[in-house]
Amino acid sequence: MEVSGRISESTRKDRLREEVWKQVDRFVSGPKPVQGKIPNFQGARSAAERLVNTSEFQKAKVVKVHPSLNAIPFREQVLRLGKTLIVPPLPGHDFLYFRVDPESVKNKRYNWAAQKRGFNRIGVPLQLEDIPNIDMFVVAATVVSPEGCRAGKGKGYGEVEWGIASELGVVDSSTVVATLVHDVQVVSPEQFPFEMMESHDLPVDLIATPNRIIHCQCNQNEQMISKTESVFLTSRLRKPKGIIWEKIDHQMFEDIGALKALKLKLSKE
């Protein structure tokens, strides 16, 4: 029996993820089973092309991208187009991000540099104080809605990353958050209502699929911070501010070593 609304919403998201994993399975060549993973969907390169053609991307100088397989084509384009790539290492490291500069990619091997074997070799580990301001924050997703609701694979690591970056001041509510998904991973607002998003959940502003770009709808009752910038805020979908420490468990501290450094930094301040 579900004992609270919070558990209820979490359970509903879990069920929605399972439904979407079943739907997207036929569009994934591998790795399988897709359950519990960020889908490496067919058409990821087309989705990447659509995202790089947005004005939000073209204005960006520093782009943070999640390390999943479906984002390889996009990470490649980030480097190919001369932008700085920020990407997380595998779990267990004591730093939050690698920085990969296009100039460090020899012989224009951008696809190699966009893969884990590449950026693990040529990426520069960044201490917290060395992380630059991030112009576009590309986060993994299992399921999204056109209104900006988003769920990852359930571990919350994308939210922790955002929380750390927010604490450092390198992202804020105006930072464009984007994701790359297959079209079947985009569900209706009825399937994924605002109420399923919890306080720590990170919504998205832009959704790139193989067939379209979705600028997530904003609540008309919410005043835009700037009409000239790509800011997509709703009164019910606000980007989290900082780390919600009570949600950080022992495994997260082990997997995301930067959490320990951040806690020490904040205690000194």
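This briefing covers the salt bridges, the cysteines and one charged surface patch of the structure above. The model is predicted. A search of the whole structure gives twelve salt bridges, while the number of disulfides is zero. Lys106, Arg109, Arg117 and Arg121 make up a positive surface patch.

**Salt bridges between separate parts of the chain**

- Lys64 and Glu161 form a salt bridge through their side chains, with an N to O distance of 3.2 Å.
- This pair links distant parts of the chain, 97 residues apart: Lys64 belongs to strand β1 (residues 62-65) and Glu161 to helix α7 (residues 157-168).
- Lys64 is buried, with a relative accessibility of 1%, and Glu161 is also buried, at 9%.
- Another salt bridge joins Asp205 and Lys239, whose closest N and O atoms are 2.7 Å apart.
- Asp205 sits in the loop between β8 (176-180) and β9 (206-208), and Lys239 sits in the loop between β10 (213-215) and α8 (250-255), so this pair ties together parts 34 residues apart in sequence.
- Asp205 and Lys239 are both buried.

**A partly exposed salt bridge and a network**

- Lys260 and Glu254 meet in a salt bridge with an N to O distance of 3.6 Å.
- Lys260 is partly exposed at 44% relative accessibility, and Glu254 is partly exposed at 36%.
- Lys13, Glu198 and Asp201 are joined into one network by salt bridges that share partners.

**Cysteines without a disulfide**

- The structure has zero disulfides.
- For Cys149, the closest cysteine sulfur is that of Cys216, and the two sulfur atoms are 8.8 Å apart, which is too far for a bond.
- A disulfide needs the two sulfur atoms within 2.5 Å, so the 8.8 Å between Cys149 and Cys216 does not qualify.
- Seen from the other side, Cys216 is in no disulfide, and the sulfur of Cys149 is the nearest cysteine sulfur to it.
- Cys149 is buried, with a relative accessible area of 0%.
- Cys216 counts as buried too, because its relative accessibility is 3% and the cut-off for buried is under 20%.

**The positive surface patch**

- The patch is formed by one lysine, Lys106, together with Arg109, Arg117 and Arg121.
- Arg117, one of these residues, is found in helix α6, which covers residues 116-122.
- Arg117 counts as exposed because its relative accessible area is 57%, and exposed means over 50%.

Methods. Residues are numbered from 1 along each chain as its sequence is written. This is a predicted model: local features need pLDDT of at least 70, side-chain atom pairs count only at pLDDT 80 or more; totals for chains, interfaces and linings use all residues. Side-chain values use heavy atoms; hydrogens and water are left out. Patches are made of residues with over 30% relative accessible area and no salt bridge: like charges are joined within 9 Å, nonpolar side chains (Val, Leu, Ile, Met, Phe, Trp, Tyr) within 5 Å. Accessible areas come from the Shrake-Rupley method with a 1.4 Å probe; for residues, only the protein chains shown count as cover. A salt bridge is a side-chain nitrogen of Lys or Arg within 4 Å of a carboxyl oxygen of Asp or Glu. Lys and Arg count as positive and Asp and Glu as negative; His and the chain ends are not counted. The place of a charge is taken as NZ of Lys, CZ of Arg, CG of Asp or CD of Glu. Helices (H or I, at least four residues) and strands (E, at least two) are DSSP runs, numbered from the N terminus. Buried means under 20% relative accessible area, exposed over 50%, partly exposed in between (1.4 Å probe, protein chains only).
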